[in-house]
Amino acid sequence: MLIYNLEMTNNILLFFVCLSGGVIWACTFHRDVKYGGIFVNCSNNNLSSVPNDLPQNTTSLNLSTNHIVVLHIQPNSSLNALKYLDVSNNKLSKLQNGTFESINSLEELFLQKNNLMLDSTTYPDDVFLPLQKLQKLHLHNNDRKSEGSYPETAFGTLRSVVELKIDTFETSTFGSGFANMISLKRLLLGFNGCKISRVLNQTLRSFKNIPIEDLDLSSCPLAALDKMSFVYLKSLKDLNLSHGKFVSPVEAVTSMYGLNGLNLTSILLDEMYNFLNFQYGSIELRTLTKEVLDNIQGVCVEQMSMKKNKIAWIDSSILKPNSRFSNCIVHIDLSDNDFLGDRHILFQLVFAPQLVFVNITNHLRRNEFFSSMPQHNSLLSVPTFRFTLPPKLKYFYSHGTLNEMGYINGNIEIKNAVSLQSLNLAFNGWYAFQYNVYGLENLTDLDISGNYFTNMNPGFFKSFPGLRTLTMSQIGFSKYFLLRQGRQLFLPLRKLENIILSRNDLAVMDPKIFSGNQLTAIDLSFNRFESIPFDITTTPSLQRLDLSYNSLPVLSELERTQFDSLAATNNFTLNLDNNLLSCGCENLGFMLWLFHTDVKVENRDSYTCVSDSGHITPPSYIYDHYDEIWRKCSGPIWLSLSVSAFALIILFMILIYLINQRKTLLLNIIYRLFGLVNVAKPPKRTDFPNDAYIGYSDCDYQYICHTMREHLEDRHGVKLFLKDRDTIPGGQIADDIINGIDSSWKTLLILSRSFLEDQWCSFTVNRVVYSSSILPAGSVVLVLFEDVRQGDISPALLNVVEERHIFCVKKYMDDQGRLWRDVSQCIMTKSEL
């Protein structure tokens, strides 16, 4: 016999060798925390019998999932201190008298999933007699027959059993033998494999004097419940009939009549009418009228749940003033049905003073609460709609219930909501609310997702100063609303920690939008952001950012640094799943960061990115082949640098050769570039005898020599050179033109049609262009007669004349004096002297 030390650490492997069978049993043991001895685990070891050489102080033994056919425990064995025995999922088909004599201290026995039929042959009358300390017995999933009767005598000896889990028949009758189980508190008939389909008035009669507190019939294929089915369970606290499939809501509520006068903790009637998942059926069976609800008014229950029962109508009388049900109910869940119910049901909540939790989410009926709200135009006539809630109500969920709520044309005041913490009004067809909500100053969790707040009132959240979690998914914000109004909208929420703005098709927002909050979690998933849309430095407490399903190609180096800083202080988590990440050569640093950063990058192994060649690859591949990819990316750059350097060397050698061959020319260029040459001084007005040379056609002689001369010389004192006056007749015309231009400070050309057609026009223009190259800017002045268009002027001439020195006669048609005055000023301008 081995000696065991109870202070040894857990999970030490113990090998038992059965010499008679020649089989090695590998069992593990550890300290039994519950019962103080040794817990031996021999499950799933292909055992065909109970091992003999077990530790003396074994208090718990697990023999589940083996091949034991006969449960035989030798007298005077080492298991006389056994408290817990699990022989489930074996091949037991019969129990013999004396089976449990040597383990009469047993408190928990598990025999489920064997082949034990519910008859006296399998369970002899005295088989359980030694187990007077047994408190928990599980025998379910053994008998697969649909009909039969219980071996009552055998069960009648279990006077200490507190919990019984047993197979049922389609119509089960618990005989008088069960009346001896005087300690039974938990009767568990609901499990996967339950067969009971009807609970009759007499089914539970034998438990009339038994203190059953918990009756579980969940997952049973219930098809009928009698009105007095539960009348005998006078100590009942918890009743679970969920997942019955075939019991109508009317029948389920009617069966509660037998519970009138009792004080229960919970009644669970979820998914009892879900036949083939149809949303239709007999409307009478799905309508909870006042008469039907009267069956439950005398029941005092804290939690009532009727989820997913396809209820079509529920009368507001479910909450009557001063009824036992209304005065006791704390938690009520009517979610996922096909109704909204009586339009006054919200106003009836005030009759349930203990109510803490209300869930009426996901219904199909159109809204009737706000359908008759009056329209108004004046701010002075804004109405206020008031609702009174129970003072203890903390959680109110109306997701998808107030369908098509529409525009609320007035303020809303919620009275008595001093305890309300969580409010869900998502997907209620609520359009942009432009007024105020009062009475929710203590609210900490608000969900208004799925409504149509395209342009909501920027001051909407002023009434929610205590808000900590805000959910605004699928709000339908206008494109630039959060850019223009976002900061003002969220600024009052000084205590906000968690915000969800997913599925809003957002692409831009105010970078300082969260600067007034204390956010630890931000959800911006399923939007269209191409970069981090807010200033990360404004959220120093941020612990989680969800940017999945956006259009981010990369995080900048600054953003990565800021996220690393958050990771160092806040254990920061980032989700970039399903973004258009880029793993091109320019973004290899970002790919490397994903695997080296202290930031917890969620779902990193599922990310994909696009390379420069357009191939989609996981970032993990880039990381694993980083050196190879880096060389491919950097190779062209180094090649180009090498080629460029080689080309520069060649060019440098060529320059040296050229410099050596044309050294004087290059020095000349350098001297001229830096002004190291002697340059002649530019001419001055005093260097010329005449102020202006007048170029004109012989056809314009009379106008030039009389009218123009009189204005310029006589009136304005301009000394002119006129070829018909200042040259010797019979001389060389070309020489006269050259001498006249060279002896004049400026040249004034009178452009008329006859001048342009004159044979000396081209010569005069060429000489003027040549002379202008050695004179200061502005040495050429043009006067255009009416018969000359701007397109007629020689381009060469336009290259040397400034726009302000071109005068059109037609602009001075009514004032010739002003024309020649402006021309004279142009000729005699002091800045040009």
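**Notebook: a helix pair, a small sheet and one tryptophan**

I began with helix α14 (residues 733-742) and helix α16 (residues 761-772), whose axes come within 10 Å and cross at roughly 35°. Axes here are lines fitted to C-alpha atoms over the stretch in contact, with angles from 0 to 180 degrees between N-to-C directions. Helices (H or I, at least four residues) and strands (E, at least two) are DSSP runs, numbered from the N terminus.

This is a predicted model, with pLDDT of at least 70 needed for local features and 80 or more for side-chain atom pairs, while totals for chains, interfaces and linings use all residues. I number residues from 1 along each chain as its sequence is written, and side-chain values use heavy atoms, without hydrogens and water.

Next I asked which residues make the contact (heavy atoms within 4.5 Å). From α14 they are A734, I737, I738, I741 and D742, and from α16 they are F763, T764, R767, V768 and S771. I sorted these contact residues into six nonpolar, two polar and two charged.

Then I turned to the open sheet, where three strands run in the order β31-β33-β34 with mixed pairing (at least two DSSP bridges between two strands). Its edge strands, β31 (581-582) and β34 (616-617), each pair on one side only. I found β33 (residues 609-610) antiparallel to β34, joined to it by two bridges, and V610 opposite I616 in β34.

Last, I looked up W630, which sits in helix α10 (residues 626-661). W630 is partly exposed because its relative accessibility is 42%, between the limits for buried (under 20%) and exposed (over 50%), with a 1.4 Å probe and protein chains only. I also checked W630 against I318: they are 312 residues apart in sequence and 71 Å apart in space, C-alpha to C-alpha.

Technical notes
Ala, Val, Leu, Ile, Met, Phe, Trp, Tyr, Cys and Pro count as nonpolar, Asp, Glu, Lys and Arg as charged, and the others, Gly among them, as polar.
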